[in-house]
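This report describes selected features of a protein model. The sequence and the structure are shown first.

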Amino acid sequence: MRKNEYSDYRSVIADSWNRCIAWGLDHDHEPTPLMPESARLEEINRQYSELLSVTEAEVLPYYRNVLSNSRCLILLADQHATVLNSWGDERITETRLKPWFQTGANWQEQNCGTNAIGTSIAVGAPVQIQRNEHFLKTNRSIIGSAAPIFDAHRQIAGVLSVFSDAYLPQAHTLGMVRLLSQSVENRLINRQFGPDHFQITLNTTADNFDSPWSGILVCDDSGRVIASNQRADQLLGMNTVEARLDELFTSRRNQILGHPETETLQLTTRSKVRLSARIKRPTRVADNPARISPLTLSNDGRYSDEFLGIDNLEFGDSAVKRCATQSLKVLQRGVPVLITGETGVGKEVLVKALHRASHRKDQPLVAVNCAAIPPELVESELFGYEAGAFTGARAQGSLGFIRKAHKGILFLDEIGEMPLSAQSRLLRVLQERVVTPVGSTDSVPVDILLVTATNRPLGSRIDNGHFRADLYYRINGLCVELPALRNRADRLPLIQTLYSQHRDPGQSEHLSPKVLSALENHPWPGNIRQLVNVLRVAIAIADGEDVQVWHLPEDFLAEFEATTGEKSETAILEPGVDNVEVEPEDTLATTLKVYRKCTGNVSQAARELAISRNTLYKRLRELGVR
């Protein structure tokens, strides 16, 4: 725990004790639990039925195989600290405390002093209360960890807590209860809003959408955020409820909500933070002409970085070739490699190619995204743990990622996000080539080749105390930087190759010069990942025909215009059509005329008007046609 974190933690306990004193409590006070009558219990079950069902049926089953082997008890309480239900081992506590773990018992600080449930509600944040940190002596036989569950409007809907009487490391318990509460929060939002609204899932990389730590935005058709989770606010740096997508991101609302569900969308916030996003449309179709029609993408899986080798990562770019050849040479000698570069440049693709070309190609490649693991769980996930090492530990223990990579290659992506405590343990592994699992005193030898990656300068992380300098020099055997796509000398053949891997069988083998020119001269803020998505969208919109400029996504064309100042070809009429300035009314009239001429065929009308289908849908909505 860092110094400032420890200071904040001590402050939470001290403030709680001060509140207890102000309420007139003393350490010897022994409150009496007031158990509600059966009618009140029925009312509680009815009032909180959704919260109870989401917690029990959708979250706890994922952890039941873990918690059933632990000496711990999970409690769900409402926003007033009243226990709604409990799961787990009721033998963890003394007989005199058992009534406090029954439905209807109330853990408010005013009555029970400093405790996990009551204090978590008081501060509106996750807390952990050790034995002697309880204000009342009667509670000092237990350890409690709790995290609030917030509803879509940032109000506390309930509290999840884990109680134990074991003298075991508790950081993992707090991480687990935070994970549980976030899972409940996300599922409540999805259940309440999912059927009728757009849901945008956000994360730092496209690999982590299914993590409970993903941000969630729920929007209506106009792009107004009507609900979101805490993580979304953290990623975007503001309270997102009631904000509009146009205010949050540089991309326009129609570009975001009209993006294919099957494709990852790269978004840039107004503060220039790049995020990966996934769109989920309403599952309950309403009779609403304003619904944005989804695009259907063909995804036959022909392209995969699993087939890329060390020799076909580039098509003439000397910087990429140098990165690949030098990395392979030093890695074969056991020297660690640090890969840097912007998001989307292909760091993980390079690592997979290195693995396939190395003498360890028949051994495991274990990839770990350090930013995707809750800080409290990083050590147990990386280094493994012994059976019963902490509350919630699996009965059989866990090998951990490092031991799983034994004889192979360990890839630690986003290494700069690793907590300091885990950095210290990793440094010992790299120095001594042994791993000591959490809860054990025995060390296990490991033989790994290490590759790390980051898209953030580690030097600044070292300067502000978030990354150890000695670990940096240990992992930085060879540091290579993959160039951004806009700086690669082989953009043209790379674009053509990716197109060939994705194109439909009936489409031309080569892109037209105009399309190639637009793609080659694009700034590509999302790099190769963005390029692949743009190509796949254009191929899908072309629907078997040759790709034209107007098949390219609107957000791509908007980026192009904003960067180059040039007008994209979607605003230029096809040959044979007078290219004159027209008033908006004339534009809509022309749109309607062409649409009727094409008997409602959207694709044909968009081609004749030389605009994208999204733009055509927008105009048709303005006309009240669709």
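The paragraphs below move from the overall composition to a helix pair, aromatic pairs and individual residues.

**Overall composition**

The model is predicted. The secondary structure of the protein comprises 23 helices and 17 strands. Of the 626 residues in the protein, 53% are buried. Among contacts with a separation of 6 or more, 65% are accounted for by residues 24 or more positions apart.

**Packing of H17 and H19**

Helix H17, covering residues 491-502, packs with helix H19, covering residues 527-542, at an angle of about 50 degrees. The axes of these two helices are 10 Å apart. H17 and H19 are therefore oblique to each other, and H17 passes H19 in a right-handed crossing. On the H17 side the contact is made by Leu494, Ile495, Leu498, Tyr499 and His502. H19 contributes Ile528, Leu531, Val532, Leu535, Arg536 and Ile539. By class, the residues of this contact divide into nine nonpolar, one polar and one charged.

**Aromatic pairs**

With ring centres within 6.5 Å as the criterion, the count comes to seven aromatic pairs. One of them joins tryptophan 17 and phenylalanine 135, whose ring centres are 5.3 Å apart. The planes of these two rings stand at 85 degrees, so the pair is edge-to-face. Tryptophan 17 lies in helix H1 (residues 3-22), whereas phenylalanine 135 lies in the loop between strand E3 (127-129) and strand E4 (143-150). The pair therefore ties together parts that are 118 residues apart in sequence. The two partners fall into separate accessibility classes: tryptophan 17, at 24% relative accessibility, counts as partly exposed, while phenylalanine 135, at 2%, counts as buried.

Phenylalanine 101 and tryptophan 107 form a tilted aromatic pair, with 5.8 Å from centre to centre and 55 degrees between the planes. Phenylalanine 101 is buried at 4% relative accessibility, and tryptophan 107 is buried with a relative accessible area of 1%. Both rings belong to a cluster in which ring pairs link Trp100, Phe101, Trp107 and Phe163.

**Residues brought together from separate positions in sequence**

Three residues illustrate how positions apart along the chain are placed in space. The table gives the C-alpha separations.

| Residue | Partner | Separation in sequence | C-alpha to C-alpha distance |
|---|---|---|---|
| Valine 177 | Serine 161 | 16 residues | 6.4 Å |
| Valine 320 | Valine 480 | 160 residues | 9.2 Å |
| Leucine 399 | Tyrosine 385 | 14 residues | 6.8 Å |

Valine 177 lies in helix H6, residues 171-193. This residue is buried, with a relative accessible area of 0%. When neighbours within four places in sequence are left aside, valine 177 is in contact with Ser145, Ala146, Ala147, Leu160, Ser161 and Val162.

Valine 320 is found in helix H10, residues 318-332. At a relative accessible area of 5%, valine 320 is buried. Leaving aside neighbours within four places in sequence, the contacts of valine 320 are with Leu313, Glu314, Pro483 and Arg488.

Leucine 399 is placed in the loop between helix H12 (378-383) and helix H13 (401-404). Its relative accessible area is 46%, and leucine 399 is therefore partly exposed, since that class lies between the 20% and 50% limits. Not counting residues up to four places away in sequence, leucine 399 touches Phe383, Gly384 and Lys404.

**Loop lysines with positive phi**

Lysine 272 has a positive phi of about 70 degrees although it is not a glycine. The residue is located in the loop between strand E9 (265-268) and strand E10 (274-280). With 65% relative accessibility, lysine 272 counts as exposed.

Lysine 407, likewise not a glycine, has a positive phi of about 75 degrees. This lysine is in the loop between H13 and strand E13 (409-413). At 42% relative accessibility, lysine 407 counts as partly exposed.

Methods: Residues are numbered from 1 along each chain as its sequence is written. This is a predicted model: local features need pLDDT of at least 70, side-chain atom pairs count only at pLDDT 80 or more; totals for chains, interfaces and linings use all residues. Side-chain values use heavy atoms; hydrogens and water are left out. Axes are lines fitted to C-alpha atoms, for helices over the stretch in contact, and angles run from 0 to 180 degrees between N-to-C directions. Helices (H or I, at least four residues) and strands (E, at least two) are DSSP runs, numbered from the N terminus. Angles under 35 degrees count as roughly parallel, over 145 as roughly antiparallel, 65 to 115 as roughly perpendicular and the rest as oblique. A crossing is left-handed if the near helix is turned anticlockwise from the far one by less than a right angle, and right-handed if clockwise. Contact means heavy atoms within 4.5 Å. Ala, Val, Leu, Ile, Met, Phe, Trp, Tyr, Cys and Pro count as nonpolar, Asp, Glu, Lys and Arg as charged, and the others, Gly among them, as polar. Buried means under 20% relative accessible area, exposed over 50%, partly exposed in between (1.4 Å probe, protein chains only). Rings of Phe, Tyr and Trp (its six-membered ring) pair if their centres lie within 6.5 Å; planes under 30 degrees apart count as stacked, over 60 as edge-to-face and the rest as tilted.
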